[in-house]
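Welcome! Take a moment to turn the model around on your screen, and then we can walk through it together.

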Amino acid sequence: MSKASILKELWAFLKVRKRFWLAPILIILVLLSVLIVFAQSSAVAPFIYTLF
């Protein structure tokens, strides 16, 4: 299963079930996970860790 199909299926679920309140939660989770991945493999890591 590709990532694009998972996102399409998730969007269809949100649209059909009227669960738009889940969208901000999912966006925050994705942003935090991108930040964690970026922080592990970067020279900026010490600066990001000071935020938490």
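What pattern does the protein chain follow when read along the sequence? The pattern is α-α-α. Put as a count, the protein chain has three helices and zero strands. Keep in mind as you look that this is a predicted model. The mean pLDDT of the protein chain is 78, with 83% of its residues at 70 or more. Confidence is highest in helix α1, residues 3–17, where the mean is 83, and lowest in helix α3, residues 45–49, where the mean is 69.

Let's begin with α1. This helix has 15 residues, and from its first C-alpha to its last it reaches 21 Å, close to the 21 Å expected at 1.5 Å a residue. Right after α1 comes K18, and its phi is positive, near 55°.

Now look at the outside of the model. The protein chain exposes about 4,700 Å², and carbon and sulfur atoms supply 76% of that area. Of the 52 residues in the protein chain, 8% are buried. On the surface you can find a nonpolar patch formed by L7, L10, F13, W21, I25, L26 and L29. Together these residues have about 660 Å² of accessible area. Helices α1 and α2 (22–40) each supply at least two residues of the patch.

One member of the patch makes a good stopping point: F13, which is found in helix α1. Is F13 buried, partly exposed or exposed? Its relative accessible area is 37%, so F13 counts as partly exposed, a class that lies between the buried limit of under 20% and the exposed limit of over 50%.

Key: Residues numbered from 1 in each chain as written. Predicted model: local features only at pLDDT ≥ 70, side-chain atom pairs only at ≥ 80, totals over all residues. Heavy atoms only, no water. pLDDT = per-residue confidence, 0-100. Helix = DSSP H or I, 4+ residues; strand = E, 2+ residues; numbered from the N terminus. Patch = residues over 30% accessible without salt bridge, like charges linked within 9 Å, V, L, I, M, F, W, Y side chains within 5 Å. Areas by Shrake-Rupley, 256 points an atom, 1.4 Å probe, with all protein chains shown as cover. Salt bridge = Lys/Arg side-chain N within 4 Å of Asp/Glu carboxyl O. Buried < 20%, exposed > 50% of the residue type's maximum accessible area, 1.4 Å probe, protein only. Expected span 1.5 Å × (residues − 1).
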